[in-house]
Amino acid sequence: MPNDAPAADRVSFVTIDEGRHGQRLDNFLFTHLKGVPKSRIYRIIRSGEVRVNKGRAKQTTRLSSGDVVRIPPIRTSESDAPPKVSDGLTERLSRACVYEDANLFIFNKPSGLAVHGGSGVSLGLIEALRVIYPDERELELVHRLDRDTSGLIMVARRRSFLRKLQRLMQNGKVEKRYWLICQGFKGSERTMEAPLLKMQNGNERIVRVSREGKPSITHFRMIERLQDAQLVEALLETGRTHQIRVHSQFGGFPLLGDDKYGTAKGAALLEQIGHRRLCLHARNLAFPHPDTGKQVSVTAPLDEDFEAILGALRKGKG
């Protein structure tokens with residue numbers, strides 16, 4: 001009979017259920033072998049120690065219901081203990097849950113918290129949530145947010161529901177609105193339609209406008225004029241990496257607090273105010289619930305730093 005628990009001292013076999021159907025092998029192992037370094041997981045896949053239906057498989061192999069995955073003994077101290085989550089972060093994330101039903105959590109993610117570990121980040125939102133909610137066996141990110149962007153992020157509680165939400169997103173049925181503070185936005189509305197290309201600059205990933213990039217569209221709308229800055233809403237029509245930040249820069253209205261795409265003038269203004277953060281917040285999510293068809297609309301309050309920056313810019317204007 002297949003054993004569904006990873007073991008440090010023996011081979012285990014896991015039968016893939018409907019909830020994991022379509023998941024990549026490496027992503028399945030990241031979840032199943034919580035705490036094991038990704039480099040170790042890629043190594044055991046490459047070496048053939050991980051098998052799918054008795055055959056070798058690639059990290060990109062898509063699993064199907066009924067597949068049997070052979071997992072070798074994993075002898076690492078990391079796999080025996082989940083990552084440590086501080087009491088402060090536990091409390092903060094518990095308070096950050098702004099929507100919950102049987103299949104979905106929506107959190108108001110703090111600025112500065114990555115959504116997942118990797119690239120020098122040992123603990124991200126999803127790893128922390130798996131520790132905080134140990135009975136939730138299938139927690140998965142539905143989409144991403146940049147580390148320094150605050151605001152709404154969806155976390156599916158069932159893999160089957162994750163696929164339903166991703167289909168909604170692919171069909172343009174999930175509306176995402178962001179609030180940002182920028183410098184140089186003119187007029188009341190503006191649409192940026194500029195293709196975006198991801199590039200690697202040493203260890204740093206950057207995105208730039210390029211004809212070779214993927215089609216990308218952002219609709220911007222003025223909310224409020226401030227002193228030497230503007231509060232603007234962005235509605236995403238596509239969801240590319242760093243899309244709002246790069247479209248703002250390309251359009252001549254870079255975000256305050258953006259270390260990659262911002263300006264020295266913007267950095268100086270924030271320094272003068274005494275608060276430092278990327279001024280980008282995932283403000284509102286709206287979509288038809290995949291199970292009920294009822295419209296879900298969730299709004300995330302601004303955090304203290306964003307509010308303080310807004311308050312200072314309003315005061316300066318007066």
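Analyst: Let's start with a definition: a disulfide is a pair of cysteine sulfur atoms within 2.5 Å. This is a predicted model, in which local features need pLDDT of at least 70 and side-chain atom pairs count only at pLDDT 80 or more, while totals for chains, interfaces and linings use all residues. Residues are numbered from 1 along each chain as its sequence is written, and side-chain values use heavy atoms, with hydrogens and water left out.

User: Why is there no bond at the sulfur of C182?

Analyst: The closest cysteine sulfur, in C279, is 9.8 Å away, too far for a bond. A search of the whole structure finds 0 disulfides.

User: What makes C182 count as buried, and why is C97 called partly exposed?

Analyst: Buried means under 20% relative accessible area, exposed over 50%, and partly exposed in between (1.4 Å probe, protein chains only). C182 has 0% relative accessibility, so C182 counts as buried. C97 has 22%, so C97 is partly exposed.

User: Why are helix 4 and helix 5 called roughly perpendicular?

Analyst: Helices here are DSSP runs (H or I, at least four residues), and strands are E runs of at least two, numbered from the N terminus. The axes of helix 4 (residues 87–96) and helix 5 (residues 125–132) cross at roughly 95 degrees. Angles of 65 to 115 degrees count as roughly perpendicular, so the two helices are roughly perpendicular to each other.

User: How do you know that strand 9 is mostly covered?

Analyst: In strand 9 (residues 175–182), 6 of the 8 residues are buried.

User: What makes strand 9 and strand 15 a pair?

Analyst: Two strands pair if DSSP finds at least two bridges between them. Strand 9 and strand 15 (residues 280–288) have 6 bridges, in the antiparallel sense, with K176 opposite L285.

Key: Axes are lines fitted to C-alpha atoms, for helices over the stretch in contact, and angles run from 0 to 180 degrees between N-to-C directions. Angles under 35 degrees count as roughly parallel, over 145 as roughly antiparallel, 65 to 115 as roughly perpendicular and the rest as oblique.
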